[in-house]
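The following questions and answers introduce a structure to a reader who has not met it before. Please look at the sequence and the model first.

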Amino acid sequence: MKIMVREWHAIAQWRWDTGAADVDDDGEGDVCGICRVPYEGCCPSCKMPGDDCPLIWGECSHVFHMHCLLQWIGTAASKQQCPMDRRPWVTAERKVNATTGR
Amino acid sequence: MTSTRRLQKELMDIQTNGTPVGIKLLSADDFQTWYFSIEVLGETVFAGEQFALKFRFDQQYPISSPAVQFVVDDKYKAPEHPHVYSNGHICASILGSEWSPVLTVIAVCVTLQSMLASCKKKERPVGNDRYVLHAPDNPKKTRFEYHDDTV
């Protein structure tokens, strides 16, 4: 079956809040250092971006697709280190709405 | 296949942005084996020489490191370097225990280029002949010791 899209109206867009100062405007945004797919895309083993293919933050401030990082950390070769700085990987507590307080 | 998608991106980047000086893509006919030529610029012991690097990728790339070696055939020789065996195998931690999935093919080329550039004296690794005699086809199967004192 062949479908031709004649027109479309975007009604919303979303972006992971990576905490990075703003995305450089090269139109692509930031990519996961492991698979090189934008954060807003999904890792190579997923089909749908979004909550099913979330990001993971390290205390070292590096961000990856969760599935990409877990695949790496699961190997003996990783020595459980962050692929960027080789420091021991510690998953950061997500600062969801730092302003909400108790 | 995760390796293909990642390699497609790397290839596209090479085709749009080019390669660093002294490094050229010779062939990337599929997503299993790529070849690059590598030259060391400036005044080094390898001035005027050209080498070729062969990359082999498995399906887990970049989680698993590529198998990288210098090409040894009628046209190319392995550089005479204390970390490069005469069969082209390379003893470099970045290809083994220090591999990281955020590295790329080009990053590996650049690292090896600077490894050659810093070489002061042309010589083979200690035990070259013994190693070459029994070396596996794939250098990833070798457990290199990264310059340890023990024999």
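Q: Where in chain A does UniProt place the feature "domain: RING-type"?
A: The model discussed here is predicted: local features need pLDDT of at least 70, side-chain atom pairs count only at pLDDT 80 or more, and totals for chains, interfaces and linings use all residues. Residues are numbered from 1 along each chain as its sequence is written, while chains are lettered from A and ligands numbered from 1 in the order in which they are written. UniProt positions follow the numbering used here, with shortened feature names, and annotations may be inferred rather than shown by experiment. According to the unreviewed UniProt entry, the feature lies at residues 43-86 of chain A.

Q: How far apart are the end C-alpha atoms of residues 43-86 of chain A?
A: Helices (H or I, at least four residues) and strands (E, at least two) are DSSP runs, numbered from the N terminus. Over residues 43-86 the chain is 18% helix and 14% strand. The end C-alpha atoms are apart by 21 Å.

Q: In what order do the elements of chain A run from the N terminus on?
A: Chain A holds one helix and two strands. From the N terminus on, their order is β-β-α.

Q: Which residues of α1(A) are buried?
A: A residue is buried if 20 or more other C-beta atoms, placed from the backbone, lie within 10 Å of its own, exposed if 12 or fewer do, and partly exposed in between. Buried residues make up 23% of the 102 residues in chain A. The cover over those of α1(A) includes β1 (55-57) and β2 (63-65) of chain A. In α1(A), the buried residues are A:His67, A:Cys68, A:Leu69, A:Gln71 and A:Trp72.

Q: Why is A:Gln80 classed as it is, buried, exposed or partly exposed?
A: A:Gln80 lies in the segment after α1 (66-73) of chain A. Contact means that two C-beta atoms, placed from the backbone, lie within 7 Å; leaving out residues up to four places away in sequence, A:Gln80 touches A:Ile73, A:Pro88 and A:Trp89. Because 13 other C-beta atoms lie within 10 Å, A:Gln80 is partly exposed.

Q: How many residues does each chain give to the contact?
A: By class, the side of chain A that touches chain B has seven nonpolar residues (Ala, Val, Leu, Ile, Met, Phe, Trp, Tyr, Cys and Pro), one charged (Asp, Glu, Lys and Arg) and four polar (the others, Gly among them). The contact takes 12 residues from chain A and 10 residues from chain B.

Q: Which residues form the covered face of β2(B)?
A: Strands pair if DSSP finds at least two bridges between them. β2(B) runs antiparallel to β1(B), joined by four bridges, and pairs with β3(B) in the antiparallel sense over seven bridges. In a regular strand the side chains alternate between the two faces of the sheet. The uncovered face of β2(B) has B:Thr33, B:Tyr35, B:Ser37 and B:Glu39, whereas the covered one has B:Trp34, B:Phe36 and B:Ile38.

Q: What arc do the buried residues of α2(B) cover around the axis?
A: The buried residues of α2(B) are B:Val105, B:Val108, B:Cys109, B:Leu112, B:Gln113 and B:Leu116. An α-helix has 3.6 residues a turn, so residues three or four places apart point the same way. The buried residues lie on the same side of α2(B), because their arc, taken from the directions from the helix axis to the C-beta atoms, is only 135°.
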